[in-house]
Amino acid sequence: MGKKKKVIAITGGIGSGKSYVAQLLAKRGITVYDCDAAAKRLMQQDAVLQEGLKKLIGADVYQGNQLQKSVVTKFLLASEEHQQAIQQLVHPAVATDFLHSPYNWIESAILFEAHFDQLIHPDIIISIIAPLQTRVQRVMQRDQLTEAQAMDWIGKQWPQEELVKRSTFTINNDDDTNLDQQIDCIFKQIDFHI
Ligand SMILES: CC(C)(COP(=O)(O)OP(=O)(O)OC[C@H]1O[C@@H](n2cnc3c(N)ncnc32)[C@H](O)[C@@H]1O)[C@@H](O)C(=O)NCCC(=O)NCCS
Ligand SMILES: Nc1ncnc2c1ncn2[C@@H]1O[C@H](COP(=O)(O)OP(=O)(O)OP(=O)(O)O)[C@@H](O)[C@H]1O
């Protein structure tokens with residue numbers, strides 16, 4: 001058996017700035033595996049996953065071969081049970097894909113909520129936090145959502161304090177605190193650079 005690869009997970013709720021921080025890391029030569037993008041790619045390509053989703057949500061989750069994101073969103077936000085059921089289908093596929101990928105860094109909004117941490121066993125966890133109102137504004141602007149829709153997503157995710165408690169490092173992305181300095185500080189404290 002090969003040695004387990006080092007895994008550095010970035011987490012944080014919707015609009016906290018995970019992808020933004022990933023862009024700053026890209027400038028330092030680090031590629032961060034994007035769970036949302038991977039989930040969508042696999043839901044589009046993986047035949048077993050497609051069958052599972054059709055059984056769970058209904059045949060209209062695909063039109064032809066095309067994933068209907070609005071159908072998934074409506075189903076997912078309807079109840080805790082629905083959210084859990086989708087995650088139980090999608091996350092093992094994403095975890096396997098990540099563990100077989102060449103990447104060490106990964107970003108997921110729901111690392112803990114979905115027990116994804118227990119599938120990928122991160123060595124280091126970095127949480128990204130920002131004031132709630134800032135996150136709502138960012139998401140409304142980025143995704144053309146209403147405040148209520150942004151709050152629906154936030155309601156499906158853990159409070160930031162819980163993420164911070166379980167993280168090795170926290171980055172404050174509140175628009176005032178310098179992000180590159182915080183990243184530098186973390187890099188000084190980790191004994192491997194990937
Ligand atoms: C619902 C979907 C179709 C919405 O797609 P869309 O392109 O509109 O948004 P995107 O994927 O960028 O998600 C935006 C944000 O919503 C939040 N979110 C997505 N899925 C979940 C979830 N299962 N639980 C809580 N929040 C979630 C995250 O903060 C995410 O970054 C998509 O997110 C999806 O298929 N989710 C279910 C699969 C899943 O659990 N993905 C999480 C990463 S593995
Ligand atoms: N420090 C910042 N300065 C300027 N814009 C920012 C900053 N942080 C985030 N943003 C913007 O806010 C929006 C949300 O950030 P981002 O997409 O990184 O969030 P996220 O945590 O990845 O959210 P999600 O869970 O939905 O994937 C994006 O449009 C991003 O460009």
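1. At 65% relative accessibility, Q144 counts as exposed, since the cut-off for that class is over 50%. The model is a predicted one, and Q144 is placed in the loop that joins α7 (132-143) to α8 (147-155). Its backbone deserves a remark: phi of Q144 is near 55°, a positive value in a residue other than glycine. Most residues other than glycine have a negative phi.

2. A second residue of this kind is H115, which is not a glycine and yet has a positive phi of about 55°. H115 belongs to the loop between β5 (105-108) and α6 (117-120). With a relative accessibility of 46%, H115 counts as partly exposed, because that class covers values between 20% and 50%.

3. Turning to the interior, the largest nonpolar core comprises 30 residues. Those with the most contacts inside this core are M43, V94, I106, F116 and I120. At least two core residues come from each of α2 (35-45), α3 (47-57), α4 (69-78) and α5 (80-99). The largest share, 6 residues, is supplied by α5.

4. Where does this core lie with respect to domain 1 and domain 2? Domain 1 (1-31 + 105-189) and domain 2 (36-102) both contribute residues, so the core lies between them.

5. The surroundings of M43 may be listed individually. Setting aside neighbours within four places in sequence, M43 is in contact with L49, Q50, L53, Y62, L67, V72 and V90.

6. Another core, of 19 residues, lies apart from the largest one. Its members include I124, L179, I186 and F187.

How values were computed:
Residues numbered from 1 in each chain as written. Chains lettered and ligands numbered in written order. Predicted model: local features only at pLDDT ≥ 70, side-chain atom pairs only at ≥ 80, totals over all residues. Heavy atoms only, no water. Core = buried A, V, L, I, M, F, W, Y, C linked by side-chain atoms within 4.5 Å. Buried < 20%, exposed > 50% of the residue type's maximum accessible area, 1.4 Å probe, protein only. Helix = DSSP H or I, 4+ residues; strand = E, 2+ residues; numbered from the N terminus. Domains from an automatic or database assignment. Contact = heavy atoms within 4.5 Å.
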